[in-house]
Structures are given as structure tokens and as C-alpha cells.
Amino acid sequence: MFRKYLIYGSLGTVMGYILARMGFADYDEINKMFAFVDVRLLLSFAGSVAILMLFGIVFRGRFPRQNKFVQPGTIPGSMLFGFGWAVTGACPSLVFVQLGQGKLPAIMTLFGIYIGVVLYRKIHAKYFLWDVGSCSSS
Amino acid sequence: MEYWSWWLGALALGLFAVVFSLLTGKPLGVSGSWLSIARRKDDALLKASADVLDSDQDMIKDELMSMTMAEFGKDVLDVNPQRREGEANAEVTEKFEMKQDYTHWTVHVLFLVTMFFGSYIASITTTDFSLSFELSTIHSEIFENNGEAWLALLFGGMMVGFGTQMAGGCTSGHGLSGCAQLIPASLLSTVIFFGCATLLTIFMNFMS
């Protein structure tokens, strides 16, 4: 169990450092990316997908496969996330990076994300019920 | 802070995702960590089910078989799977092993909180770190007063939290890991959330 804490703790620190140095949590940079004023972040993101894909091809079978499939929530959920990302400049990981850079308003985003996750969980359990195939969380 | 060039950022994030997968045995995905924290009260149940699946596979198979026979009768055993078109062939199907990996919710909390420290380290080592009541210059231009901006962040955050859970992934899960594996759901989701974010950004910039 201690090993897991050590691994995830180290990975979280490195991920936070990388995202901060990339400028992925800077609202101005995000805004410029979405407005196509500056495509640096877009190229960074596309490049990282390409690198991961390359490793996946070279070391086929050694990488765990994502358990994702199109389900009724894929389109509306992605739309909501996109709108939220444009307003906050944050995704579920970037909010912590914003806070680490001293951006106090990101506290509101943090609360908002938590409320949104809990709210969805309650609504899903009562009305939706389908399998969303969320990221490996167990 | 002076940001990395696009290729350095791509190299760092891409290699990080590779190392993450190799070390944890899972593809990179952050919205799942949020889900684990939100359902922490069910953690004991998840751990118990993971332990059961991990401990006695034969017992589970026996239980499942007895329940199947109780529901459908003993005739179910006589069905030749090779005669049933479109279903798995018993001779070529790989051995299925029920296994559920379990990670305690506090591990996910640590993963998220350490991102804060990683970012903090980047800030203090490259710039003079200072606390700011504004998210950014452009954000302040779009939302003219602080109250409006903070309220927008709260509702925007809710959309992010609700949306990522509903879509079953976020930038890392769908955008990075899923797209790298060319998973249709991830490609669709990424196009939609990038598209919607682009449309709203252009609209907000135009209005401000």
C-alpha cells in the first residue's frame, strides 16, 4: 500500500510540474489556444498524443487499454466539459496546477468540480444508470 | 514564468503518460480519481469485492454456475457454444480471469494534491511566486468584476465536474490516453469538448 502512495505521490508532483511549465493551467494561454491565436499548447497536446501512440504501437500489449465506449452521456457530457473548460481554463487536473501557481479564484473551480462530480453521481444513480466507462478509478 | 516550447512540452507530457501507464498498470486519467473521492463511502464495498475476486476464483465460478442453473435449469450445460452463431467459441476463447484492481481513495487524493505541490515547485523555481485574486488578464477582461468572475468559476467548475463524469473522461483520459489508442468514444469526446470550448471562447472574446 505504501508503494502506491509513493508512486502516485511522485507521479502527481511530476505531472503538476510538467503542466505548470507547459503553461496548460494559464487561462490566457488556454484562451489563446481555443481562439487559435497561439497554437503552441495545441501542438504540445497533439505531440504528446503522438508520442503515447508511438509507444503504444512499439510496445503493443504492455500498455493498459482504456475502457471507453460511446454511451448516452458521451456527447452532452463532452459539451458541458468543453463549455466549463472555456470558462475556468481548468480540467480536473489543471485546477490543482492553477492553485499551485497562487491563483486563488481556482478555489471556486475546485468546489465547483467537486459539486459537479457528486451531483452527477447522485443523478446518474437515480435516473441514468448506464455504464459511463469512466477512467480507471477503482 | 517562461513556458516550455511546444516540442519540449509534448515530449514531457507524452513520456509522462507512458511512465504513468507502466508504473500504475492503468492509462492516465484524472476524472476517475475525482470519482473515487466522491464515492469514498463505497470504498469498503469496492475493497471487499476486489478481495473476493482476488482470493477464490473457483468459488466464484461455482457460485455463478449454480445461480445460472437455478435460473435457467440444467439444460444450460448441454448447449454447444460452437452451434450458436455469433457467440464465443469455447475452444478459442482466452481464459477469462476475473480481477479487480483496487486503489484506496486516499491514494487518489494524494495524486491530486501532489499536483498542487508540483505546480508550486515550478512556480517558486521559475518566478517570484505571489498569491493572486485574479485568474488572468483575459479572464478579468471577460468577467469585469471579481464577484462575477468567481461565480462563473463556480458554475464553470460544476460543468467540468458534471461533464467529465457524464462523458466518462476528461483531457487526460479521453484526450490523451484514449486518442492515443484511437478509441472512437475518446476521439468523439475530444472533438466535441475542444469544439465547444473553442466556440465559447470565441464568443466570450467577441462579447468582451
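This is a chat about a predicted model, covering the contact between its two chains, one helix of chain A and the two domains of chain B.

User: How many residues does each chain put into the contact between chain B and chain A?
Analyst: In this predicted model, chain B gives 119 residues to the contact and chain A gives 103 residues.

User: And what's the area buried there, and how much of it comes from carbon and sulfur?
Analyst: About 10600 Å² is buried between chain B and chain A, and carbon and sulfur atoms account for 75% of that area.

User: Which helices of chain B are on that side?
Analyst: At least two residues each come from α1 (6-24), α2 (31-38), α5 (105-126), α6 (137-142), α7 (146-167), α8 (171-180) and α9 (184-207) of chain B, on the side of chain B that touches chain A. By residue class, that side of chain B holds 66 nonpolar, 46 polar and 7 charged residues.

User: How many salt bridges and polar contacts between the chains?
Analyst: The rule finds 0 salt bridges across the interface of chain B and chain A, while 23 residue pairs are in polar contact between the two chains, counting pairs with both residues at pLDDT 80 or more.

User: Switching to chain A: why is helix α2 described as largely enclosed?
Analyst: Helix α2 (residues 27-34) of chain A has 7 of its 8 residues buried, so it is largely enclosed by the rest of the structure. The buried residues are Tyr27(A), Asp28(A), Glu29(A), Ile30(A), Asn31(A), Met33(A) and Phe34(A).

User: What do those buried residues pack against?
Analyst: The buried residues of α2(A) pack against α3 (40-58) and α4 (74-88) of chain A, and also against α6 and α9 of chain B.

User: What about the two ends of that helix?
Analyst: At the start of α2(A), Asp26(A) has a side-chain oxygen that comes within 2.9 Å of the backbone nitrogen of Asp28(A). After α2(A) comes Phe36(A), which has a positive phi, near 60°.

User: Back to chain B, where are its domains?
Analyst: Chain B is split into domain 1, covering 1-131, and domain 2, covering 134-208. The contact between them takes 9 residues from domain 1 of chain B and 8 residues from domain 2 of chain B.

User: What area do they bury, and which elements of domain 1 take part?
Analyst: Domain 1 and domain 2 of chain B bury about 590 Å² between them, with 61% of it on carbon and sulfur atoms. On the side of domain 1 of chain B that touches domain 2 of chain B, the elements giving two or more residues are α1 and α2 of chain B, and α2(B) gives the most, with 3 residues. That side of domain 1 of chain B divides into 7 nonpolar, 2 polar and no charged residues.

Technical notes:
Residues are numbered from 1 along each chain as its sequence is written. Chains are lettered from A and ligands numbered from 1 in the order in which they are written. This is a predicted model: local features need pLDDT of at least 70, side-chain atom pairs count only at pLDDT 80 or more; totals for chains, interfaces and linings use all residues. Side-chain values use heavy atoms; hydrogens and water are left out. Contact means heavy atoms within 4.5 Å. Buried area is the accessible area (1.4 Å probe) that two parts lose on being put together, summed over both. A salt bridge is a side-chain nitrogen of Lys or Arg within 4 Å of a carboxyl oxygen of Asp or Glu. A polar contact is a pair of N or O atoms within 3.5 Å; within protein, one must be able to donate a hydrogen and the other to accept it, and residues adjacent in sequence count only if both atoms are side-chain atoms. Helices (H or I, at least four residues) and strands (E, at least two) are DSSP runs, numbered from the N terminus. Ala, Val, Leu, Ile, Met, Phe, Trp, Tyr, Cys and Pro count as nonpolar, Asp, Glu, Lys and Arg as charged, and the others, Gly among them, as polar. Buried means under 20% relative accessible area, exposed over 50%, partly exposed in between (1.4 Å probe, protein chains only). Domain bounds come from an automatic or database domain assignment.
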